[in-house]
Amino acid sequence: METILNIKLKNYTKKMFKLIRLLAIALVIIFGIALIKYRVAYKVKINDQEVGYVANKEEFEKIIDKEILNPDDVRVAYVDMDVKPEYQFTLVDLEETNEEEIFTKLKESSVTTYRAYAIAVNGQNKTYVNTQEEAEKAVADLKEEYKDKLTETEISVQETFTQDFESLGTVELASAVSTMEEELEIQVVYEKEKKAATLDGVYFSVKPVTGTITSRFGYRQATAIVSGNHKGIDIGAPNGTPIVAAADGTVTYAGWMGGYGNLVIISHGNGIQTYYGHCSKIYASVGTTVKAGDKIAAVGTTGNSTGNHLHFEIRKNGTQVNPQVYVYK
Ligand SMILES: [Zn+2]
């Protein structure tokens, strides 16, 4: 037998179910409308600045990884992206996602470093190729080709990094080899000249002054001031013209010495010395290490001299040799 209470309860439960059903339908309609107009997306921030929305974070990250960070390009060494996008889950109007714009922003903020291979002569890059293999092949071939002609020149592969790949101007292997052959022919001439200007390992690479040779080595002077053989060469130049070291060495004398007037002596090792006489001024001091081309004094006419000139000697174990075998040829 159903009691009144039971009947009431049943009606009440029925009403509840009806209400819940209505609520569920309402929610479905609301969500339906929401899903037509809105969808889940990610708000993106770069450097704390909102730059827009992407629909799919994972997909977007994949594209960045493939297109910006790890492009399919053998020349790329690495990519620095100095900003990192931050994502925030949100609902967004369908029209509002702007993946392309955000992608462009990220690409612009990234710096791509490329790798190329240089072929170098004595550490100086002369030409560039795209691969290590090509560079090594070129260097091996050139070393073989020049092994008898070049003894002091080093040909090497240099791995090079650049952010402006186009500026390197990489070339094909054959083109690189022919460029290098031109460079190495210059080097052949240089080595030959250097050898001819070297006395016992001392390379006279620089003329101490630029001027006219007014008296040669061994030339018998017709004046009373200098008698007998002339043991150096005289180079006429205006008073005050800088005199530079003819080779690397150490200053071992800087001062007055009889007929030489103001004299600088540089010792170059292996018993080789150079003398610079009749100077108006001396800039070098004893004990100073000098490089070829360093200013040591100024042209003058001190000591036994009748006009402004440099008296230049090269001595080997104390005996003068003809400087024109090595400089002022
Ligand atoms: Zn002289």
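This report looks at one pair of packed helices and two residues with unusual backbone angles. Keep in mind that the model is a predicted one.

**The helix pair**

Let's start with the helices. Two packed helices are described by the angle between their axes and the distance between the axes. Here, helix 4 covers residues 132-145 and helix 6 covers residues 173-196; they pack at an angle of about 40°, and their axes are 10 Å apart. That angle makes helix 4 and helix 6 oblique to each other. As for handedness, the crossing of helix 4 and helix 6 is right-handed.

Who does the touching? On the helix 4 side, the contact is made by E134, K137, A138, D141 and L142, while helix 6 brings in L173, A176, V177, M180 and L184. Sorted by character, the residues of this contact between helix 4 and helix 6 come out as seven nonpolar, three charged and no polar.

**Two residues with positive phi**

Now for the backbone. Most residues other than glycine have a negative phi. N122 is not a glycine, yet its phi is positive. Y328 also has a positive phi without being glycine.

| Residue | Phi | Place |
|---|---|---|
| N122 | about 50° | loop between strand 5 (110-121) and strand 6 (124-129) |
| Y328 | near 55° | segment after strand 20 (319-321) |

Are these residues buried or exposed? N122 has 11 C-beta neighbours inside 10 Å, so N122 counts as exposed. Y328 has 19 such neighbours inside 10 Å, so Y328 counts as partly exposed.

Conventions: Residues numbered from 1 in each chain as written. Predicted model: local features only at pLDDT ≥ 70, side-chain atom pairs only at ≥ 80, totals over all residues. Axes fitted to C-alpha atoms, helices over the stretch in contact; angles between N-to-C directions. Helix = DSSP H or I, 4+ residues; strand = E, 2+ residues; numbered from the N terminus. Parallel < 35°, antiparallel > 145°, perpendicular 65-115°, else oblique. Left-handed = near helix turned anticlockwise from the far one by under 90°. Contact = placed C-beta atoms within 7 Å. Nonpolar A, V, L, I, M, F, W, Y, C, P; charged D, E, K, R; others polar. Buried ≥ 20, exposed ≤ 12 C-beta atoms within 10 Å, placed from the backbone.
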